[in-house]
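Here are some exercises to work through with the model open in your viewer. Try each task before you read its solution.

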Amino acid sequence: MSALANHAFVKMNGLGNEIVLVDMRRESGAVTAADARAAGRPGGVAYDQLMILCAPRTPGTDGYVRIYNNDGSEAAACGNGMRCLADLLFQETGKSALTLETQAGILNCWKSPEPRLITVDMGVPRLAWNEIPLAQEFRDTRAIELQVGPIDQPILHSPSVVNMGNPHAIFWVEDVEAYDLGKIGSLLEHHPIFPERANISLAAIVSREHIVLRTWERGAGLTKACGSAACAVAVAAARLRRTGRSVTVALPGGDLAIEWRERDDHVLMTGPVAYEFAGRFDPAVFVSEGAA
C-alpha cells in the first residue's frame, strides 16, 4: 500500500501556487513518483508541488524536505512551498526561525511580525553553464544562444539562465501576456540544451525595482506563482544591471519581495501564505499506475 494512503495532509497556497504538505517525520515509509502522481489525480488533491516533511538528516536542522511536482518528478527547491511548510512549523513549535534541508541544501526561514508573511533564504544562485546545467558551454549565462521561431525573425531569443535549486531560463519581453507560454514552455522545458529540463519564464522589467513574471514550471506547467523563478529573475536582471538587487516581482498570483543580498550573495524571498483545508488521502486513489 502507498505510504500516502489514508495519510493526513494540509492544503495551502503561496500566491496561488498550489501546495500540499505531508508530515512524515515519525514514519519510515517512502513516497514514490507514482504515489506523487496519484495524489494529484481526480479523487486526490490537485497541486503544483507536494512537500514531504521527513525527520532531520543533519544535526541542527528542523527537518528534511522532499519536493515533488505533479508529474511525479522531484524538485530540489520550491520557495512558495517552503514558506507554506515554515508557516505550519512556526505554529507547531512557537519558533520564529527554522532551518530546513532540501536537495538544494540548507534553507533558513523566519517569520515577519505581519501574520503569515514568511522569508526564506534560498541560498546562493549558481551561474556557471555546468551548474545550471546546460548541455554545452556558454561563458556568459546572462544571455545564451536559444530562440523560438524563425532564425531571422525569432519570437523569443537570448534568455538568461540561473539555477536557484532548479534550472531557470528567463526571456526578456515587453509584455508577458503577449505569448503562448503554455505552448512555448512545454516545448522549451524539454529542449536538449537543458539536460535536467528547465523552468521557462517570461519577464518584463517595469522599473529598477519592479519586474512582471510568468512561469512555466518544470514538471508542473503554468502556475500562478513560482518562488524560485522570482529569485532567478531578480538575480538575472541585476546581473544585466537592469535593476538593483532588491525588487518586487509581480506574478499572476501576487507579489514577492526579492533581495539578492550583497554581503553574501544569498537570495531572500518574502511573501504571504494561505491555509486552505486539511484532510486524508483516499487509499483508492493509489490503486493504479503502480502506486499501490
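A residue counts as buried under 20% relative accessible area, as exposed over 50%, and as partly exposed in between, with a 1.4 Å probe and protein chains only. We're looking at a predicted model, where local features need pLDDT of at least 70, side-chain atom pairs count only at pLDDT 80 or more, and totals for chains, interfaces and linings use all residues. Residues are numbered from 1 along each chain as its sequence is written, and side-chain values use heavy atoms, with hydrogens and water left out.

**Exercise 1. The aromatic cluster**

Task: find the aromatic pairs, and work out which residues form one aromatic cluster.

Solution. Start with the rule: rings of Phe, Tyr and Trp (its six-membered ring) pair if their centres lie within 6.5 Å, and planes under 30 degrees apart are stacked, over 60 edge-to-face, the rest tilted.

Step 1. That rule gives 3 aromatic pairs. Take Phe9 and Phe277: the ring centres are 6.1 Å apart and the planes sit at 80°, so this pair is edge-to-face.

Step 2. Now place the two rings, with helices (H or I, at least four residues) and strands (E, at least two) taken as DSSP runs numbered from the N terminus. Phe9 belongs to strand 1 (residues 8-14) and Phe277 to strand 19 (residues 274-280), so the pair ties together parts 268 residues apart in sequence.

Step 3. Check the burial. Phe9 has a relative accessible area of 7%, so it is buried; Phe277, at 37%, is partly exposed.

Step 4. Phe281 and Phe286 also make an edge-to-face pair, with 5.9 Å from centre to centre and 80° between the planes. Phe281 is buried because its relative accessibility is 3%, and Phe286 is buried because its value is 0%.

Step 5. Put the pieces together: Phe9, Phe277, Phe281 and Phe286 form one aromatic cluster.

**Exercise 2. Two sides of a helix**

Task: which residues of helix 3 (residues 181-189) are buried, and what covers them?

Solution. Step 1. Run down the helix and pick out the buried positions: Leu181, Ile184, Gly185, Leu188 and Glu189.

Step 2. They span an arc of only 125° around the axis, which puts them on the same side of helix 3. (The arc is that of the directions from the helix axis to the C-beta atoms.) The spacing fits a handy rule: an α-helix has 3.6 residues a turn, so residues three or four places apart point the same way.

Step 3. Flip to the other side of helix 3, and you'll find Lys183 and Leu187 exposed.

Step 4. Look for the cover, using contact in the sense of heavy atoms within 4.5 Å. Among the elements over the buried residues are strand 9 (147-148), strand 10 (156-157), strand 12 (167-172), strand 13 (199-207), strand 14 (210-217) and strand 15 (221-222).

Step 5. Zoom in on Ala169, which is in strand 12. Its relative accessibility is 0%, so Ala169 is buried. Apart from neighbours within four places in sequence, Ala169 touches Pro159, Ser160, Val161, Phe194, Asn199, Ile200 and Ser201.

**Exercise 3. The largest pocket**

Task: which elements line the largest pocket, with at least two residues each?

Solution. Step 1. On a 1 Å grid over the protein atoms alone, a pocket is an open set of points with protein on both sides within 12 Å along at least five of seven lines, and lining residues have an atom within 4 Å of a point. The largest pocket holds about 160 Å³ of space, and of the 14 residues that line it, Val10, Leu21, Val22, Asp23 and Leu88 are the closest to its centre.

Step 2. Sort the lining by element: strand 1, strand 2 (17-23), strand 3 (49-54) and helix 2 (79-93) each supply at least two residues. Helix 2 gives the most, with 4 residues.

**Exercise 4. Backbone oddities**

Task: where are the cis peptide bond and the non-glycine residues with positive phi?

Solution. Step 1. The cis bond joins Ile132 and Pro133, with omega about -10°. Pro133 is in the loop between strand 8 (117-121) and strand 9.

Step 2. Arg197 has a positive phi of about 65°, and this residue is in the loop between helix 3 and strand 13.

Step 3. Arg241 has a positive phi of about 60°. Arg241 is found in the loop between helix 4 (227-239) and strand 16 (246-251), and its relative accessible area is 70%, so Arg241 is exposed.

Methods:
On a 1 Å grid over the protein atoms alone, a cavity is a set of points where a 1.4 Å probe fits but cannot get out, and a pocket is an open set with protein on both sides within 12 Å along at least five of seven lines; lining residues have an atom within 4 Å of a point. Grid points are joined across faces, edges and corners, and a volume is the space filled by probe spheres set on the points.
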